[in-house]
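Dear colleague,

Please find the structure below, handed over for your files. My notes on it follow directly after.

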Amino acid sequence: MIYLKTEEEINLIKVSAQVLGKAHAEVAQWVKPGVATKKLDTIAEQYIRDNGGIPSFKGFNNFPASLCISVNEVVVHGFPSNYILKDGDIVSIDCGVKLNGFHSDSAYTYPIGEVSKEVMDLLTATKRSLYKGIEQAFDGQRMGDLSFAVQNYVEERGYTVVRELVGHGVGRDLHEGPEVPNYGKRGKGIRLKEGMVIAIEPMINLGTKSVMQERDGWTIRTSDRKYSAHFEHTVVVRKGKAEILTTFDYIEKVTANTSLMVEA
Ligand code: MG
Ligand code: MG
C-alpha cells in the first residue's frame, strides 16, 4: 500500500530522521581501521534508545542487529560481526529509527583509510546518483523518471545497478509501497504524488550487476566479489522539488577534512 502522509506525519518522520542522522554521526566517529563492525552496532543502538527511538531493523523479519553493515563486496544487509575494519575497505552503514510511530531510513558508505581512486570514484558516483534520483522525485513525475536518472548517471560512468533490491515507501512501516527501483524507463511507472515518503537507495557495483545471497539468508554480495556502494535518503515528494527528510549533515561534520569524506 502507498500511504500519502499529512504534514503532521511528515513532521514526525523528520523528528525520527534527526535522531537517525545523529546516530549515524555517532557511528562515524568509530569508523576506522581496527574497529570491529559489531562495535558500531552497539554505538548506534545505544544512541537511538537513549534518544527515545527504537532501531527499526532489529527484529525486522528477525534481522539480528540495529545496523546493516556491508563491507566491500557486500551490497546490503550484512550483519555486524567480529570483522575488524582495515585500510582500503569500504563500509556501508544502513540504519533505521522508529520514533513516535514513524520510521526513517538512511545509509552512507565510508572509505576506510587509503582506498584506490577506482573505489573512491565509485563512492562519489553512487552518492551523486542518489541526488540525481532525488531531483526527479517531485509531484507529477513518474517513478521511471527517478529510476532512469539514477541508472543513467552510473551506467554512463561504467558502473552497474543492482536489480534485486530496491528503495521503498517509508512511514508507520519500515517498508511500504511503492517500490523505488534504481533502474527504469523515463515516463513509465506510477505517478509520484505530493505526500509520498520514499527511501531512495542506489546500490551500485564496480563490476557485474549480478548479486548472490549468503547462506545466512540476509547478506547480499556481488557475484564477482568486486566492491559495491550504497547511499540512501528518505524524502517526501513535493510540488516542484522533493524535500529530503533524513540528513547527512551530522555525519559530514564528523568526516569533514578526514579520509572518511565522500564528495557529492
Ligand atoms: Mg536503509
Ligand atoms: Mg531502505
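In sequence, how are the donor residues of the magnesium ion (ligand 2) spaced? They follow the pattern D-x62-H-x32-E-x30-E, where donors are N, O and S atoms within 2.8 Å of the metal (3.2 Å for Na, K and Ca); water is not among the atoms, so sites may look incomplete.

Some conventions apply throughout. This is a predicted model, in which local features need pLDDT of at least 70 and side-chain atom pairs count only at pLDDT 80 or more, while totals for chains, interfaces and linings use all residues. Residues are numbered from 1 along each chain as its sequence is written, chains are lettered from A and ligands numbered from 1 in the order in which they are written, and side-chain values use heavy atoms, with hydrogens and water left out.

The metal sites

The magnesium ion (ligand 2) is coordinated at 2.1 to 2.3 Å by Asp 105 (OD), His 168 (NE2), Glu 201 (OE) and Glu 232 (OE). Of these donors, His 168 lies in strand β7 (residues 167-169) and Glu 201 in the loop between β9 and β10 (203-205), 33 residues apart, so that the pair links distant parts of the chain. Helices (H or I, at least four residues) and strands (E, at least two) are DSSP runs, numbered from the N terminus. His 168 counts as buried at 5% relative accessibility, and Glu 201 counts as buried at 6%. Here buried means under 20% relative accessible area, exposed over 50%, and partly exposed in between (1.4 Å probe, protein chains only).

The magnesium ion (ligand 1) is coordinated at 1.9 to 2.6 Å by Asp 94 (OD), which is listed twice, together with Asp 105 (OD) and Glu 232 (OE). Along the chain its donors have the spacing D-x10-D-x126-E. Asp 105, in strand β5, and Glu 232, in the loop between β13 (228-230) and β14, are 127 residues apart and link distant parts of the chain. Asp 105 is buried, with a relative accessible area of 2%, and Glu 232 is buried at 0%. The two magnesium ions lie 3.1 Å apart, and Asp 105 bridges them.

His 175 is placed in the loop between β7 and β8. With a relative accessible area of 43%, His 175 is partly exposed. Its C-alpha is 9.6 Å from that of Asp 105, although the two residues are 70 residues apart in sequence. Leaving aside neighbours within four places in sequence, His 175 is in contact (heavy atoms within 4.5 Å) with Phe 60, His 168 and Gly 169.

The sheet

An open sheet of 5 strands has the order β8-β7-β9-β14-β15, with antiparallel pairing; two strands pair if DSSP finds at least two bridges between them. Its edge strands, each pairing on one side only, are β8 (176-180) and β15 (243-244). Strand β9 (residues 197-200) is joined to the antiparallel strand β14 (residues 233-236) by 4 bridges, and Ile 198 stands opposite Val 235 in β14.

The cores and the helices

The largest nonpolar core has 57 residues. Such a core is a set of buried Ala, Val, Leu, Ile, Met, Phe, Trp, Tyr and Cys residues joined through side-chain atoms within 4.5 Å. Those with the most contacts inside it are Val 31, Leu 40, Val 91, Tyr 110, Leu 146 and Ile 200. The elements giving two or more residues to this core include α1 (7-28), α2 (37-50), α3 (117-135) and β9. Apart from it lies another core, of 8 residues, among them Ile 10, Ile 13, Val 170 and Leu 245.

The buried residues of α2 include Leu 40, Ile 43, Tyr 47 and Ile 48, and what covers the buried residues of this helix includes α1, β1 (54-55), β2 and β4. After α2 comes Gly 52, whose phi is positive, near 85 degrees.

In helix α3 sits Thr 126, which is buried, with a relative accessible area of 0%. Beyond its neighbours within four places in sequence, Thr 126 is in contact with Pro 202, Ile 204, Ala 229, His 230 and Phe 231.

With kind regards
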